[in-house]
Amino acid sequence: MEAARFEVSPSRCIAQQGDFGGKAEVTLNVFFDSSALAKRYIEEKGSDQVQAILSSASALAVSVICVPEIVSALCRRRRERKISTEEYRNAKASVLSDIDDATVIGITEEVIAQAVALLEQFPLRCADALHVACASALSTDLFVSADDRQCKAARARGLRVEAISV
């Protein structure tokens, strides 16, 4: 697995104005939840869509729980013998490498308060509410998830959402 390459595609990005020598700098700050980002490391339906979004992104953000959730999914596939130990090691190394270049959003009082509010309003699991709350705290340009309920909650929070096919 190769590390994420962040290339800017103007058709999917937001131009920011500033002192850039007369040119607009095009950026797309993308927040991935675990269900979507895992498709980068586990080939399945939606993996191509995830790759396309990552190639359009100028910055990647995830919540602090993203890596453990993806590693958990990889471990389960290894236990079920759907991937080999070598494939597991390579995928885990790719996850850790990609996250080195990402913004990792921690669990703050604001994030906890938003997650609780989301749990009271939507039928979400705790981790799903935390992902949406982290993305809201960041004010990301695009929230990416493969979970329909989570996408609905993110839209209700005013986030622009890309739902990944499952």
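**Figure 1. Buried residues and overall make-up of the protein.** In this predicted model, buried residues account for 45% of the 166 residues in the protein. The chain forms seven helices and seven strands. Followed along the sequence, these elements appear in the pattern β-β-β-α-α-β-α-α-β-α-α-β-α-β. Of the contacts between residues at least 6 apart in sequence, 65% join residues at least 24 apart.

**Figure 2. Surroundings of Arg40, a residue in the loop between helices H1 and H2.** The loop that holds Arg40 lies between helix H1 (34–37) and helix H2 (47–56). Arg40 has a relative accessibility of 10% and therefore counts as buried, because buried means under 20% relative accessible area. The side chain of Arg40 makes polar contacts with two other side chains shown here. One partner is the side chain of Gln51, at 2.9 Å. The other partner is the side chain of Asp98, at 2.6 Å.

**Figure 3. Packing of helix H3 against helix H4.** Two packed helices are described by the angle between their axes and the distance between the axes. For helix H3 (residues 66–79) and helix H4 (residues 85–100), the angle is about 170 degrees and the axes are 10 Å apart. H3 and H4 are therefore roughly antiparallel to each other, since angles over 145 degrees count as roughly antiparallel. On the H3 side, the contact is made by Val67, Ile70, Val71, Leu74, Cys75 and Arg78. On the H4 side, Thr85, Tyr88, Ala91, Lys92, Val95, Leu96 and Ile99 take part. By type, the residues of the contact of H3 with H4 comprise 10 nonpolar, one polar and two charged.

**Figure 4. Crossing of helix H5 and helix H6.** The axes of helix H5 (residues 109–121) and helix H6 (residues 126–138) come within 8 Å and cross at roughly 125 degrees. This angle makes H5 oblique to H6. The crossing of H5 and H6 is right-handed. From H5, the residues making the contact are Glu110, Val111, Gln114, Ala115, Leu118 and Leu119. From H6, they are Cys126, Ala129, Leu130, Val132, Ala133, Cys134, Ser136 and Ala137. The residues of the contact of H5 with H6 divide into 11 nonpolar, two polar and one charged.

Definitions and conventions: Residues numbered from 1 in each chain as written. Predicted model: local features only at pLDDT ≥ 70, side-chain atom pairs only at ≥ 80, totals over all residues. Heavy atoms only, no water. Helix = DSSP H or I, 4+ residues; strand = E, 2+ residues; numbered from the N terminus. Buried < 20%, exposed > 50% of the residue type's maximum accessible area, 1.4 Å probe, protein only. Polar contact = N/O pair within 3.5 Å; in protein donor to acceptor, adjacent residues only side chain to side chain. Axes fitted to C-alpha atoms, helices over the stretch in contact; angles between N-to-C directions. Parallel < 35°, antiparallel > 145°, perpendicular 65-115°, else oblique. Left-handed = near helix turned anticlockwise from the far one by under 90°. Contact = heavy atoms within 4.5 Å. Nonpolar A, V, L, I, M, F, W, Y, C, P; charged D, E, K, R; others polar.
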